[in-house]
Amino acid sequence: MKHVRTAHSLLHNRVTFHQAAPDLRSPSLENPAFDDQPPSPQHHDFDENNDGAFMPEEGMQLGPLFRTFHPLLTGRKCDIHGNFINQNVPPPSRTEASPTDWTPYESRVAFETAEFLYTRNQMSAAQIDTLLDLWAATLIQHNDSPPFTGHRDLYETIDSTPLGDVAWETFTMSYNGVKPAEDIPPWMTAKYDLWFHDPHLLVHHMLSNPDFDAEIEYVPYRDYTNNDQRCYKNFFSGDWAWKQADIIAEDPETHGSTFVPLIIGSDKTTVSVATGHTEYHPLYMSIGNIFNGVRRAHRNGVVLVGFLAIPKSTKEHLNDKDFRNFRRQMFHSSLAKIFESVKLNMTIPDIVRCPDGHYRRIIYGLGPYIADYPEQLMLSGVVQNWCPKCLNHRKNLDSGGPSLLRCQEHTDLLVQELQHAHLWHEYGIIQEVVPFTNDFPRADIHELISPDILHQIIKGTFKDHLVDWVEEYLLLTHRASRAAEIMDDIDRRIAAVAPFAGLRRFPQGRGFKQWTGDDSKALMKVYIPAIKGHVPRDVIRAFSAFLDFCYIVRRDTLTEDDLTQLQDALNRFHQYREIFKTTGVVPDFSLPRQHSLNHYFLMIRLFGAPNGLCSSITESKHIKAVKEPWRRSSRYKALGQMLLTNQRLDKIAAARSDFEARGMLQGSCVSDALRALKNRSRELPDNDSDDNDNNELADTLQALPNRLRINERPNQSVEVDAAEIVDGPAAQAHVELAALPIPGGAHDVSALALELELPNFPTMIQQFLYDQVHVGDHEAPDFDPVAAPSFMGRVSVFSSAAASFHAPSDLSGTGGMRREHIRATTSWRGGPARHDCVLVGTNNEVNCGLDGLAVARVLRFLGFKYRTKYLQCAVVHWFSYVTDSRDPDTGMHIVAPSTNDDGTPDISLIHIDCIFRAAHLIPLYGADFLPREITPHDSYNVFRAFYINKYADHHAFEVA
């Protein structure tokens, strides 16, 4: 479709914004109106013919999707005064600094040293001093010194960084209600300090971050597939942002502005149990405009706002009604106070520079709130065991009928009309709680509570419910000793699963107390085959339906067809979970976290794909913002040290963004130094007096490559077991061999045939070469070993290959790319051999259950040169599908090792380009107990049939 440029009308006569105080209960001591606010910036008349407005009214085609944009809040560019400008002009310069200005650092080496020591290595002050002393010792003879004299010099340089400098602010809160005449509880007299960054300034820093350019959206939109189905992905693709824009656009003065919703999250975290149960309550913030992948990748897309106070009480008063109400209301009053700086610009535009360098008129709003269930109850003022999203009674949450959703207007009406006891027992409302959102326009806390995949689905429904119910079932249907034997066998089955990229190991089964979200995710991948044979069929089907729901809801993009599949999975789960009620494991299913699954369909339509709003995002942020700074502290009055650490980390991150935006961090420090030396050699004059200098410089340049190894920064951010997150844009899937072959040199064909116990290996190479020669022939002649090309040269053997593919639903880079390693080695980490399985692309003539994908086990990765080409291939043992359809209980395909007519293994040589990705197989254990001596390395050797594990990761779920 042609990209049509249209202009949107502007209102030229400006008026002062006024908004009366909302007619709602307020959590704050004051709830001022917006009267007497200064007028917003005047806008000059603008020639619409020269506007260059870029938003097409009728939408535009984006690959397979058709996108329509909000017609009024169009994210138009303006100048620093808020006047709209021609949309085609380049942005003003961000800085007058030159590409060689590293202020406040002396050089690139100084900056990267500071970043390495403080951010990446987190070296202590004493160790920094030791390292710099050693460095100085090597430079004294050259009359030179390191970039810093010691840790104080390093810290002072970081502190002087002007970028990312948002100061910490504080305020104190205390109880101001009625106190008893004597024996006043300590919590009533205590003062509680809260530390925070101004959210208004934080948003300015986030919006001006050039790292987010091309990964941010300025206009709410709706995506449609070719068959006119809605498609939900990033936050701005949902209906909530569009509806908010509709409300904002009722004021014509906001037309052309950009809506920036503030996504807030908070979650208590414990940093030390052994030394007194030290806990903190961090508050985080993101913006809804950035892509979900950026928020999940933690590239400064989630920032620390502050630390909320945690009121403490003696055991005597812990359950006191007044204390609990004080704790709740202090939480809301704190949030209202912290975010009051952005309240004005929720109706009056704020002029802010954006990642592309242009200024825009920004309208803020409170967006979804990321929280676990206890925090959701605190936020919504709802009683324990009730749902914060709907009015279903706590004793019958899954009533089967449609749920009436809560809204703040209805809650306030009930509070005015009903007594405390009636509110508590019939509606689950805590009368005394006034949500902080009541102080802000267009905000309803019941609507804003976001989906929480981690606590509602993974930890809640799966681990705390289903897994525990299986154990309860075994105890109810078997004597205790027999149930223990079965649970031990389940643990052995889990421990015997073959290794796989990114798969967490359970060498001792599940018998440990401290479960993390990652533990639960890992158990989900292998649990169904482990319990099959020990529990009824309906239990297996309940798990299968639930995992289908879990994996569908965690997709990066969801269409209406996906929502239909999601509803089908939920219906099947509700049908088969009845086995736990009929067997007496549970009396009913009125469980808030399981009940929350019913609300995902609405929340996906409102907020886009839920993986962009999961509490795993904030929990991961705990590591960098809370736990690591706490470990770096002296533990004495640790919070102050943690605040300083976070401020320095923010400054270093902001400096890196600025240097990268100016193109100053290309390559590495060593490559920069070599380039400077080469430039210097070219600039030296060519005369006799400088011959010595020229010769010395030439000798230095010639010797350096032999003494230095230039280590460029890898194109990845994090390693997850054997799988890697690949940063950068999406790319075509591909497989490449390891950089180096295994030590010992190349093999000849005959020696390799003996090692592989394949007498016909030379013929296999002939067949492989024949296939490469005729790869594009539609009518290739039959293979004839006599006439086919032969090869008797040297062959290199590789221990692994890496498959890179687009898997945005898994832990991946901002472009959705992920890399996993496929092993084929005679000894893995000094132990037994490891030969992974793969999915192989085949032609349509091959009958297999995965739409042209066959399963094989890699015996060796090989590479050799034939004529002018270097060929990369793999020796594979094929598997065959036992049936054409999936197993009806587990929902997984079943395969078995394939053999030839004479009973020998079916082995071939294939090009590595045929390999799609790794495959994970789990044995069919049956009903028999697993021998104790079976290890993960035996898994593929001793069993006769296997499930293709579609739950190994989200990409596998889509293809397997």
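**Exercise 1. Place Asp 748 by its accessibility, then find its salt-bridge partner.**

Asp 748 has a relative accessible area of 27%, so it is partly exposed (buried is under 20%, exposed over 50%, partly exposed in between, with a 1.4 Å probe and protein chains only). The partner of Asp 748 is Arg 794, with the closest N and O atoms 3.8 Å apart; a salt bridge needs a side-chain nitrogen of Lys or Arg within 4 Å of a carboxyl oxygen of Asp or Glu. Because Arg 794 belongs to strand E19 (residues 794-798) and Asp 748 to strand E18 (residues 747-748), the pair ties together parts 46 residues apart in sequence. Helices (H or I, at least four residues) and strands (E, at least two) are DSSP runs, numbered from the N terminus.

The model is predicted: local features need pLDDT of at least 70 and side-chain atom pairs pLDDT 80 or more, while totals for chains, interfaces and linings use all residues. Residues are numbered from 1 along each chain as its sequence is written, and side-chain values use heavy atoms, leaving out hydrogens and water.

**Exercise 2. Determine which parts of the chain the salt bridge between Asp 398 and Arg 577 ties together.**

Start with the contact: the two side chains meet at 3.1 Å, N to O. Next, locate the residues: Asp 398 sits in the loop between helix H9 (373-380) and helix H10 (408-417), and Arg 577 in the loop between helix H17 (560-576) and helix H18 (578-582), so the pair joins parts 179 residues apart in sequence. Last, compare accessibility: Asp 398 is partly exposed at 22%, whereas Arg 577 is buried at 4%.

**Exercise 3. Describe the salt bridge between Glu 560 and Arg 605.**

The closest N and O atoms of Glu 560 and Arg 605 are 3.1 Å apart. Glu 560 is in helix H17 and Arg 605 in helix H20 (residues 600-607), so the pair links distant parts of the chain, 45 residues apart. Glu 560 is partly exposed at 21% relative accessibility, and Arg 605 is partly exposed at 29%.

**Exercise 4. Give the totals for the chain: salt bridges, secondary structure, burial and contacts.**

The structure holds 37 salt bridges. The secondary structure consists of 28 helices and 30 strands. Of the 960 residues in the chain, 53% are buried. Among contacts (heavy atoms within 4.5 Å) with a separation of 6 or more, 71% are between residues 24 or more positions apart.
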